[in-house]
Amino acid sequence: MSKKNPLKRSWAEPFKIKVVEPIRMTTRDHREKAIKEAGYNSFLLKSEDVYIDLLTDSGTNAMSDRQWAGMMVGDEAYAGSKNFYHLEDNVKKYYGMPHFVPTHQGRAAEHIISQILITPGDFVPGNMYFTTTRLHQEMAGATFVDVIIDEAHDPQNEHPFKGNIDLQKLEDFIDKVGAKKIAYVFMAGTVNMAGGQPFSMKNLKEVQAVCEKHGVRLWFDATRACENAFFIQEKEERYQDKTITEILKEMCSCFEGIWVSAKKDLLVNIGGFLATKDEKVYEKARNMVVVYEGLHTYGGLAGRDLEALARGIEEMVEYDHIRARIKQVEYCGVELEKYDIPLVKPFGGHAIFLDAKKILEHIPMNEFPAQTLVAEIYMDSGVRTMERGVVSAGRDAETGEHKYPELELVRMTFPRRVYTQAHIDVTVESVAAIFADRKSIKGLKMVYEPEYLRFFQARFERIV
Ligand code: F0G
């Protein structure tokens with residue numbers, strides 16, 4: 001169906017189910033034991049103990065029959081696999097980037113680009129931090145600087161493009177430290193930690209102009225670029241008649257390069273890449289990829305994975321697919337709102353975010369309201385969600401104190417093409433039940449904290 005379909009029918013999944021994977025509902029008793037053993041951290045639960053898994057949309061997508069067929073034509077040569085060339089062609093065609101190296105997933109590309117572009121002491125302004133992105137920037141010696149618009153930090157603010165960069169903040173910061181100290185400016189589309197919020201094409205072009213004026217590089221975390229493109233088509237007047245493919249290409253044309261976790265938009269279970277217009281950056285990336293990932297024609301991936309990825313790119317830009325994907329997420333938000341549950345608005349591309357700070361307002365921030373809410377939802381129904389608040393934000397390198405972000409959220413993330421509307425209804429019922437009983441919920445204390453990306457492995461105990 002094209003965007004211009006005059007019938008305005010409601011959305012439905014543009015696929016039917018051919019293979020199923022059974023899932024099971026456990027008892028409350030079983031789940032209470034399981035989450036206790038997991039240190040009240042949903043990352044430490046066994047997947048077998050989960051009923052509906054909304055932990056992440058990363059690598060959890062269902063592949064199409066066409067992608068599975070592609071797995072059978074994997075060319076597993078060490079060098080020059082034909083699947084690499086198919087993928088390279090599609091990166092050129094859909095992202096418009098002439099040079100490309102595959103990586104095993106997104107953070108490997110983040111590592112490589114951070115090491116190439118950052119000199120210790122540099123700054124990296126961007127539209128809000130992402131956990132792995134910022135860590136690689138910091139490990140390369142840079143300081144991340146948040147230049148997103150203020151509205152992004154307010155869950156209730158209905159700004160249509162909460163992923164936008166505040167141009168004044170950006171200009172002021174460049175003036176303050178000098179352009180030479182800026183390793184690069186980056187934009188993520190959509191902004192994960194802000195609630196899956198898009199930036200507008202207008203804002204992107206303005207940011208590009210600022211960067212050009214100061215001679216500063218502009219890079220793109222294009223992990224969910226397609227979802228951002230869908231919002232541009234929906235919300236930005238001038239783009240209503242453009243296709244997702246056209247919008248994606250136009251977005252990418254504004255950047256010097258992109259890094260991508262292919263585990264999201266691109267409808268596969270593993271993979272990533274770095275792609276750029278800059279030949280010198282490409283040459284350095286090609287040198288680094290052989291050290292950390294594998295030869296530059298496989299980058300830590302099997303030939304069959306490269307093929308699934310190449311085919312995933314072709315499917316991700318289809319209008320019916322992207323519309324059903326985003327509208328399924330919206331359906332969940334609309335249903336939750338019927339119970340007056342505080343959510344991040346507008347609804348994001350990959351997830352609905354519960355405002356844990358509001359829902360559990362009686363729990364102080366140092367008792368981790370969002371982490372607590374994740375555990376409560378799991379115990380109620382076996383639905384697995386994820387904390388995106390103080391635990392994810394980590395500690396301040398200088399003071400050693402927790403960083404307390406404005407947003408203390410629980411992310412209900414939707415894998416692509418995996419769950420049905422009925423699964424969402426069950427999830428909504430569970431969150432509504434917890435919300436009704438919220439006053440009786442007590443917080444958590446952290447009893448183990450790893451050095452890096454603590455949210456993945458930290459352990460907690462219930463405060464009684
Ligand atoms: N950039 C963004 C915007 C991401 O959301 C992620 C991963 C990465 C980079 C890193 O990619 O996982 O392939 O190494 N996000 C996952 C999530 C983990 O659950 O949001 P990766």
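**View 1. A salt bridge joins the side chains of Lys-345 and Glu-158.** In this predicted model, a nitrogen of the Lys-345 side chain and an oxygen of the Glu-158 side chain lie 3.1 Å from each other. The residue Lys-345 also begins a cis peptide bond, which leads to Pro-346 and has an omega near -15°. Pro-346 itself belongs to the loop that connects helix H12 (319–337) with strand S9 (351–355).

**View 2. Domain 1 and domain 2 meet at an interface that buries about 2900 Å².** The size of an interface is often expressed as the accessible area that is lost when the parts come together. The domain assignment places residues 28–50 and 319–462 in domain 1, while residues 65–316 make up domain 2. The contact involves 34 residues from domain 1 and 43 residues from domain 2, and the C-alpha centres of the two domains are 26 Å apart. Of the area buried between domain 1 and domain 2, 57% is on carbon and sulfur atoms. Three residues, Pro-346, Leu-407 and Arg-416, provide 20% of the area that domain 1 buries against domain 2, which is more than any other three residues supply. Across this interface of domain 1 and domain 2, the rule also finds 5 salt bridges.

**View 3. The peptide bond between Gly-189 and Thr-190 is cis.** Most peptide bonds are trans, and most residues other than glycine have a negative phi. The bond from Gly-189 to Thr-190, by contrast, is cis and has an omega near -15°. Thr-190 sits in the loop that runs between strand S5 (185–188) and helix H7 (201–214).

**View 4. Leu-267 and Arg-417 each have a positive phi, although neither is a glycine.** For Leu-267 the phi angle is about 60°, and this residue is part of the loop between strand S7 (257–261) and strand S8 (272–276). Leu-267 counts as buried because its relative accessible area is 0%, which is under the 20% cut-off for that word. For Arg-417 the phi angle is about 65°, and this residue is placed in the loop between strand S12 (409–413) and helix H16 (421–436).

**View 5. Phe-15, Ile-17 and Val-20 form a nonpolar patch on the surface.** The patch made by these three residues covers about 310 Å². Phe-15, one of its members, is found in the segment that comes before helix H1 (28–37). Because its relative accessible area is 36%, Phe-15 is described as partly exposed, a term for values between the 20% limit for buried and the 50% limit for exposed.

Note on methods: Residues are numbered from 1 along each chain as its sequence is written. This is a predicted model: local features need pLDDT of at least 70, side-chain atom pairs count only at pLDDT 80 or more; totals for chains, interfaces and linings use all residues. Side-chain values use heavy atoms; hydrogens and water are left out. Patches are made of residues with over 30% relative accessible area and no salt bridge: like charges are joined within 9 Å, nonpolar side chains (Val, Leu, Ile, Met, Phe, Trp, Tyr) within 5 Å. Accessible areas come from the Shrake-Rupley method with a 1.4 Å probe; for residues, only the protein chains shown count as cover. A salt bridge is a side-chain nitrogen of Lys or Arg within 4 Å of a carboxyl oxygen of Asp or Glu. Helices (H or I, at least four residues) and strands (E, at least two) are DSSP runs, numbered from the N terminus. Buried means under 20% relative accessible area, exposed over 50%, partly exposed in between (1.4 Å probe, protein chains only). Domain bounds come from an automatic or database domain assignment. Contact means heavy atoms within 4.5 Å. Buried area is the accessible area (1.4 Å probe) that two parts lose on being put together, summed over both.
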